[in-house]
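Here is a structure to read with a few "how do you know" questions. Each answer sets a value against its definition.

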Amino acid sequence: MTDSVTRTRQNHALIVAAGQGERSGLGLPKQYALVQGLPMVRHSAASFLNHPKIAKLWIVIREGQDEQLHNALVGLRSYEVVIGGATRQDSVRNGLSGIAAAGGAKNVLIHDAARPFLSQLVIDRLLATVEQEEAAIPVLPTIDTTINIVDGYAASTLDRNALWRVQTPQTFDYDKLVYAHAIWPAGHEATDDAQVFKAAGYQIAVVEGDEALKKYTTASDFAESSEQNMKQIRTGMGFDVHQLVTGEELWLGGLKIDHHKGLSGHSDADVLLHALTDALLGAAGAGDIGDHFPPSDPKWRGASSDKFVEFAASVIKQKGGSINNVDMTVICEAPKIKPHREAMRQNIAKMLDLSIDRVSVKATTTENLGFTGRGEGIAAQAVATISME
Ligand code: CTP
Ligand code: MG
């Protein structure tokens with residue numbers, strides 16, 4: 001197989017990033033503005049470069065912006081650069097010519113840099129469909145009631161079930177798209193490539209789009225994302241030990257477990273929930289369990305430890321944060337934790353108002369070594385990850 005034959009069977013991605021971003025009012029081409037901490041164009045470029053079925057990435061930029069692009073994409077695997085034109089359509093045409101000069105492609109996915117959050121799943125859906133079809137585009141239904149406005153006043157209501165929102169990447173048989181652009185009447189501006197392809201008489205299949213793929217156009221789109229930027233991932237850890245004694249109840253993960261010994265302590269001595277409380281407080285930078293519930297305070301005698309966990313969760317909430325996930329390990333020889341694990345996860349998920357897949361409970365022994373090995377006590381560790389400013 002010659003090189004050019006191999007190449008013509010491949011999927012190439014083409015990102016148009018040669019606009020001025022005037023409507024954004026940012027004072028810089030919006031494709032280089034930061035979205036979730038990274039230049040906007042980097043998000044979709046990385047998505048394409050990470051997809052195993054995309055053979056080559058082309059990026060269309062404005063004259064003189066090579067350095068800006070390379071800075072934005074520093075560290076990413078190779079891509080080709082083409083200089084764009086006065087309109088989006090001109091930029092696409094230039095990109096297609098670049099691909100032609102390098103031997104063509106089988107399919108081409110044309111994407112706006114202004115849609116940063118491109119998931120691998122959307123690319124998968126498009127490529128699977130375009131194997132059987134001439135073209136595939138991502139679409140979303142119209143949710144709001146949609147009307148015509150005439151002379152500034154509401155006129156007729158449109159049938160929203162017949163109206164669909166079109167996104168990119170739009171995926172086409174490469175040769176057919178080149179032909180469609182070649183016969184498109186000069187002087188008419190098309191806002192996307194599907195329009196050009198359809199006008200040439202070809203058929204376009206639709207696949208499910210993605211709300212996350214929304215286009216960044218005005219300043220408010222970018223303001224929203226800078227709010228998200230301010231949220232950071234924080235982690236907290238917790239560790240606790242209680243002594244195992246006869247004549248005490250054994251509470252672990254909010255569950256009363258039948259065992260010949262129980263944990264001693266001021267509260268119900270639920271060592272797992274105490275470690276979790278410290279992890280949550282630690283992630284929020286809010287001290288430890290002893291600061292908030294001093295053992296010297298008789299108020300907490302026999303207290304059920306879910307109160308402590310719920311308090312720590314409320315501290316995070318008050319600070320504008322949210323819990324991403326928690327992970328815990330119980331360290332003991334006996335009792336066996338596994339039979340109780342799901343019930344503990346459910347209890348904790350309820351205390352934290354989280355889905356159960358964000359709550360993990362694990363257990364280990366210390367191979368009969370140390371105080372846990374001798375059955376003198378139970379230890380627990382916890383890690384909590386939260387998002388907070
Ligand atoms: N685009 C392009 N070449 C042009 C015009 C637009 O490559 N001459 C690209 C933009 O960079 C963007 C996509 O086409 O990724 C969609 O265009 P749009 O959202 O309109 O971006 P801009 O044209 O940059 O913004 P504006 O219209 O507000 O100036
Ligand atoms: Mg534009």
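Q: What makes the space taken by ligand 1 a pocket?
A: The space taken by ligand 1 is the largest pocket. A pocket is an open set of points on a 1 Å grid over the protein atoms alone, where a 1.4 Å probe fits, with protein on both sides within 12 Å along at least five of seven lines.

Q: How far can this model be trusted for local features?
A: This is a predicted model, where local features need pLDDT of at least 70, side-chain atom pairs count only at pLDDT 80 or more, and totals for chains, interfaces and linings use all residues. Side-chain values use heavy atoms, without hydrogens and water; residues are numbered from 1 along each chain, and chains are lettered from A and ligands numbered from 1 in the order written.

Q: Why does Val-16 count as a polar contact of ligand 1?
A: A polar contact is a pair of N or O atoms within 3.5 Å. A backbone N or O atom of Val-16 lies 2.8 Å from an oxygen atom of ligand 1, so the pair qualifies.

Q: What about Thr-87?
A: Its backbone N or O atom lies 3.3 Å from a nitrogen atom of ligand 1, so this pair qualifies too.

Q: Why is strand S19 called mostly covered?
A: Buried means under 20% relative accessible area (1.4 Å probe, protein chains only). In S19 (residues 377–388), 10 of its 12 residues are buried.

Q: How do you know that S13 and S19 pair?
A: Two strands (DSSP runs of E, at least two residues) pair if DSSP finds at least two bridges between them. S13 (residues 232–245) and S19 have 12 bridges, in the antiparallel sense, so they pair.

Technical notes. Buried means under 20% relative accessible area, exposed over 50%, partly exposed in between (1.4 Å probe, protein chains only). Helices (H or I, at least four residues) and strands (E, at least two) are DSSP runs, numbered from the N terminus. A polar contact is a pair of N or O atoms within 3.5 Å; within protein, one must be able to donate a hydrogen and the other to accept it, and residues adjacent in sequence count only if both atoms are side-chain atoms. On a 1 Å grid over the protein atoms alone, a cavity is a set of points where a 1.4 Å probe fits but cannot get out, and a pocket is an open set with protein on both sides within 12 Å along at least five of seven lines; lining residues have an atom within 4 Å of a point. A molecule sits in a cavity or pocket if more than half of its atoms lie within 2 Å of its grid points.
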